[in-house]
Amino acid sequence: MIFRRKRQPRIPGLSVKRLIPNVMTLLALCAGLTSIRFAVHGLWREAVIATVLAAILDGLDGRVARLLHGTSKFGAELDSLSDFVSFGVAPAMVLYFWTMRDAGGFGWALVLLFSVCCALRLARFNTMIGEPDLPPYASNFFTGVPAPAAAGLVLLPLILTIQFGSGFFDKPIIVAIFLLGVSFLMVSQLPTFSFKKVRIPHKWVLPILLFVGLAAAFLVTEPWLTLSVMGCLYLATIPMALSSLHRLKAQAETAALTPDSDSPAGS
C-alpha cells in the first residue's frame, strides 16, 4: 500500500504590480533619509534635491497604486510612516545642521516643534480618510498644509540662500519664523487646495500643459529660482483656497434653502 504525502496548500503570492507602489514609497523614504546624510556633510543643494525627489515619489505612489489596483492598508500605513520621516524629520534635521544649531536649545526646540506638528497633521489626516460627514464641496480641499508641501515651504530659506547668497535668509531668526509659521499651517484648520480631483476645462488643457512644460524647462535650467517661485505661489494659494471654500459653502447653503422648482412646494 502506497502512502502519498498530503500536499500542502499553496499560499497565494503577491503580484508584482501590487509591489510597485510600496517600492516607490520605500524609495521616497530612502531619499528623505539621504537628505539628512547630505546635510551632515554640508551638501545643502543635494539635501534639497533629495527632499524634492522624495516629494515626487510620494506624489506618484498613491496614483500608481490606484491605477494598478494595488491599494492596501499596509501601503497606506507605510506611506504615512515614510511621510513623517521624509517630510517631518528630514527637513527639520537639514535646517538644524544648516543654521538652527547656532541658536542652541531654542533652535532645537523649534525643530522638534516642526516634527511634532507633522506627526499630528499626519495622524489627523489618517483619521479623516473616508470621513462620511464631509460635504461634497470640501472634497477638493485639505485641512492644513500637507506634509510634502510643508517640507518644501520650511526649506524655502535654504533654497533662497542658495539662489541669492547668504546674509539674510540664513539667519536663525528668519528660519525660526518659517519653522513656526509652517508648523502652524500644518495643524491649522485652514483649507488648502487638493489637486487630486480637480477637473480641467477643455479650453485650459493646452495652456496648462504648456505652462507645465515651461516650468519643467526652468526647473532644469534655473532650479533654485524655480523652486523659490513655486513655494511663493503655493503660499499665495492658501488665501485663495479659503475664499473658494467659503464661496462653495455659501452656494451649498443657498441651494439647500432654496425650494426645488419641480416640487409641489415650489410650484
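User: Where does R45 sit?
Analyst: R45 is part of helix α2. Keep in mind that this is a predicted model.

User: Is R45 buried, exposed or partly exposed?
Analyst: Partly exposed, because its relative accessibility comes out at 44%, and the partly exposed class runs between 20% and 50%.

User: Which residues does R45 touch, sequence neighbours aside?
Analyst: I162 and W224, once neighbours within four places in sequence are set aside.

User: How far apart are R45 and I162, in the chain and in space?
Analyst: Along the chain, 117 residues separate R45 and I162. Their C-alpha atoms are 7.5 Å from each other.

User: OK, staying in α2, what about D61? Where is that one?
Analyst: D61 is also in helix α2, which covers residues 44-67.

User: What's the charge situation around D61?
Analyst: D61 is buried and has no salt bridge. R63 is the nearest side chain of opposite charge, and it lies 6.5 Å away. That distance falls outside the salt-bridge limit, because a Lys or Arg nitrogen has to be within 4 Å of a carboxyl oxygen of Asp or Glu.

User: Then what is D61 in contact with?
Analyst: Leaving out neighbours within four places in sequence, D61 has contacts with P21, M24, T25 and D79.

User: Zooming out, how many helices and strands are there?
Analyst: Nine helices and two strands. In sequence order the pattern reads α-α-α-α-β-α-α-α-β-α-α.

User: And what share of the protein is buried?
Analyst: Of the 267 residues, 35% are buried. The protein exposes about 16700 Å², with carbon and sulfur atoms supplying 69% of that area.

User: What about long-range contacts?
Analyst: Take the contacts between residues at least 6 apart in sequence: 81% of them join residues at least 24 apart.

User: Got specific examples? I was looking at the glycines, so where's G107?
Analyst: G107 is in helix α4, residues 105-128. It counts as buried because its relative accessible area is 0%. In sequence, G107 and L179 are 72 residues apart, while C-alpha to C-alpha they are 9.7 Å apart.

User: And G152, buried or exposed?
Analyst: Neither, as G152 is partly exposed at 34% relative accessibility. G152 belongs to helix α5, residues 147-154. Its C-alpha atom is 8.6 Å from that of L227, with the two positions 75 residues apart along the chain.

User: Changing topic, which residues does UniProt list as "transmembrane region"?
Analyst: The UniProt entry, which is unreviewed, lists residues 20-36, 105-125, 137-160, 172-192, 204-221 and 227-245.

User: How much helix is there in residues 20-36 of the model?
Analyst: That span is 100% helix and 0% strand, and its end C-alpha atoms lie 25 Å apart. For residues 105-125 the model also gives 100% helix and 0% strand, with the end C-alpha atoms 30 Å apart.

User: Which domain does UniProt annotate?
Analyst: The unreviewed entry has "domain: CDP-alcohol phosphatidyltransferase C-terminal" for residues 204-239. In the model, residues 204-239 are 97% helix and 0% strand. The end C-alpha atoms of this span lie 23 Å apart.

User: Which residues form that nonpolar patch on the surface?
Analyst: I200, W204, V205, I208, L209, F211 and V212. Together they have about 670 Å² of accessible area.

User: Let's pick I208. Where is it, and how accessible?
Analyst: I208 is in helix α8. With 35% relative accessibility, I208 counts as partly exposed. That also clears the bar for patch membership, because patch residues need over 30% relative accessible area.

User: Last one, where's S194?
Analyst: S194 is in the loop that runs between β2 (191-193) and α8 (202-221).

User: Why is S194 classed as buried?
Analyst: Because its relative accessibility is 5%, and buried means under 20%.

User: What does S194 touch?
Analyst: N140, F141 and F142, not counting residues up to four places away in sequence.

Definitions and conventions. Residues are numbered from 1 along each chain as its sequence is written. This is a predicted model: local features need pLDDT of at least 70, side-chain atom pairs count only at pLDDT 80 or more; totals for chains, interfaces and linings use all residues. Side-chain values use heavy atoms; hydrogens and water are left out. Helices (H or I, at least four residues) and strands (E, at least two) are DSSP runs, numbered from the N terminus. Buried means under 20% relative accessible area, exposed over 50%, partly exposed in between (1.4 Å probe, protein chains only). Contact means heavy atoms within 4.5 Å. Accessible areas come from the Shrake-Rupley method with a 1.4 Å probe; for residues, only the protein chains shown count as cover. Patches are made of residues with over 30% relative accessible area and no salt bridge: like charges are joined within 9 Å, nonpolar side chains (Val, Leu, Ile, Met, Phe, Trp, Tyr) within 5 Å. UniProt positions are given in the numbering used here, feature names are shortened, and annotations may be inferred rather than shown by experiment. Lys and Arg count as positive and Asp and Glu as negative; His and the chain ends are not counted.
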